[in-house]
Amino acid sequence: MNAPLNTLKALSEMQRLTSPFPESVAVKDWKAAGGQVVGWFNPYIPEEIIHAAGMLPFEMTGDNEPVQMHGAEAYIYANSCSKIRTCWQLQLDGKYKFLDGLVSSSMCDQDKRLYSLFEYYNKLPYMDMLYAPRKRDEEAVQLYLSDLQDFRDRLALYRWHRFSDADIAKSIKVYNRGRELMRQLYELRKRDRPPVAGAEALEVSKAAVRMPRERFNELMEQLLDEIERTGREIEKARRLMVIGSDLHNANQMAALESLNAVVVVDEMDIGIRRAWGQVDTQLPPMEALARYYVMGRPIDKHNWISDGRLEFIGELAAQYNVDGIVSQDVRFCTYNGWDKFDLKKQMQERDIPMLQIDLEYGHPAGAQMKIRVEAFLEMLEGRARATEPVAG
């Protein structure tokens, strides 16, 4: 049987510290101690630099409850990315009033739109926009490094404190440890009976960017120890992989696992990329950060050309022995839409069944999605029975 979500004490503590969302216990404690919080919005914002400046990096997202768009669509078209609309609605609702700063990048027009809304209607004491590389080559590394150096200087000016390379190296060490611990959890999910459900692993990944990373690392060490001591297992038959847009609503993930299935791996910025690789501590710290964020993680949907991403998906599916892939895209996300045809073709060549669904960001899994998932799992069950050896 799948153990209840709250049976892992370390995970329960992560959830306690990061609740209520977004102005959580951890955020309130940080602010009460005189600390500042900087919101960031995409995976090309190096948290290490914000951390080295003595500030708390906080990823701006939605969470497990759907947000009613009763104001955001007066500022953003209804056919725009629903993740962007969700974050702006949360700001209109006063949920992000604890932010002292916001850092975004030129990753996509929707990201820039959210930044512009803050800049015009709710300008924070510190605001910054970084370059987001589209290619993975030396020229991109040097261009990104130059922008990171300027970012560091602007942040130091705001803080009236020049934080050193040694400070950044210390932050890199802290974040490298977090990646290592999260990677260990991903390795455990390769087991025939993984120790955590996909919804639980998602809650862990969310906690990483909503609380001080030192405390997160302590809880991750406790979580891994707890898993090994208890021999915890998830007894589900069909193994799923989730790919596509970032998913922050753990209830959506749990809906995929409500039948005879468990999500064992993902291909998302919030997931596997957050646990991937290490920043090279043998290089100068700023160069090391630039190389890691441009070259050190798996290719994502924003890189041109993204063929390597599709190959990576297939390789992960093989490593984790998945029975099927669920490709979920936030409605109106152009980047994921571009890849759909080639993605389907490559997975067919690998004989990996795939379910493609479009979702409104943060909304609960509706009846239509449930029916499609049930049909997909029935098909996977049929494939499994067809390959079982015939009893003599």
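In this predicted model, helix H7 passes helix H9 in a left-handed crossing. The axes of H7, residues 165–188, and H9, residues 213–230, come within 9 Å and cross at roughly 25 degrees. That angle is under 35 degrees, which makes H7 roughly parallel to H9. On the H7 side the contact is made by Val174, Tyr175, Arg177, Gly178, Leu181, Met182, Gln184, Leu185 and Leu188. H9 contributes Arg213, Glu214, Phe216, Asn217, Met220, Glu221, Leu223, Leu224, Ile227 and Glu228. By character, the residues of this contact divide into 11 nonpolar, three polar and five charged.

One residue of this contact may be followed in detail. Leucine 188 has its place in helix H7. Its relative accessible area is 13%, so leucine 188 counts as buried, the cut-off being under 20%. When residues up to four places away in sequence are not counted, leucine 188 touches Pro194, Pro195, Leu224, Ile227 and Glu228. For the pair leucine 188 and glutamate 228, the separation is 40 residues in sequence and 9.7 Å in space, C-alpha to C-alpha.

Helix H9 also packs against helix H1. The axes of H1, residues 9–17, and H9 come within 8 Å and cross at roughly 155 degrees. An angle over 145 degrees counts as roughly antiparallel, and H1 and H9 are therefore roughly antiparallel to each other. From H1, the contact is made by Lys9, Ala10, Leu11, Glu13, Met14 and Leu17. The H9 residues involved are Arg215, Phe216, Leu219, Met220, Gln222, Leu223 and Glu226. This contact of H1 with H9 comprises eight nonpolar residues, one polar residue and four charged residues. Phe216, Met220 and Leu223 of H9 appear in the contact with H7 and also in the contact with H1.

Helix H8 brings several of these elements together. In H8, residues 198–208, 11 of the 11 residues are buried, so this helix is largely enclosed by the rest of the structure. The buried residues of H8 include charged ones, among them Glu200, Glu203 and Lys206. Also buried in H8 are Gly198, Ala199, Ala201, Leu202, Val204, Ser205, Ala207 and Ala208. The partners against which the buried residues of H8 pack are H1, H7, H9, helix H10 (250–256) and strand S6.

Strand S6 leads to the sheet of which it is part. Four strands form an open sheet in the order S6-S5-S7-S8, with parallel pairing. S6 (261–267) and S8 (354–359) stand at the edges and have a single partner strand each, so one side of each is left without a neighbour in the sheet. Neighbouring strands are turned by 25 degrees against each other on average, direction ignored.

Within this sheet, strand S5 (residues 238–244) and strand S7 (residues 324–330) run parallel and are joined by five bridges. Methionine 241 stands opposite isoleucine 325 in S7. S7 also pairs with S8 in the parallel sense, over six bridges. For aspartate 329, the bridge partner in S8 is aspartate 358.

Strand S7 is mostly covered, since seven of its seven residues are buried. In a regular strand the side chains alternate between the two faces of the sheet. In S7, Gly324, Val326, Gln328 and Val330 point one way, whereas Ile325, Ser327 and Asp329 point the other way. The residues pointing in either direction are all buried.

A further open sheet has four strands in the order S2-S1-S3-S4, again with parallel pairing. Here S2 (56–59) and S4 (126–130) are the edge strands, each with a single partner strand, so one side of each is left without a neighbour in the sheet. The twist averages 20 degrees from one strand to the next. Strands S1 (residues 37–40) and S3 (residues 101–105) run parallel and are joined by three bridges. Glycine 39 has leucine 102 as its bridge partner in S3.

Definitions and conventions
Residues are numbered from 1 along each chain as its sequence is written. This is a predicted model: local features need pLDDT of at least 70, side-chain atom pairs count only at pLDDT 80 or more; totals for chains, interfaces and linings use all residues. Side-chain values use heavy atoms; hydrogens and water are left out. Axes are lines fitted to C-alpha atoms, for helices over the stretch in contact, and angles run from 0 to 180 degrees between N-to-C directions. Helices (H or I, at least four residues) and strands (E, at least two) are DSSP runs, numbered from the N terminus. Angles under 35 degrees count as roughly parallel, over 145 as roughly antiparallel, 65 to 115 as roughly perpendicular and the rest as oblique. A crossing is left-handed if the near helix is turned anticlockwise from the far one by less than a right angle, and right-handed if clockwise. Contact means heavy atoms within 4.5 Å. Two strands pair if DSSP finds at least two bridges between them. Buried means under 20% relative accessible area, exposed over 50%, partly exposed in between (1.4 Å probe, protein chains only).
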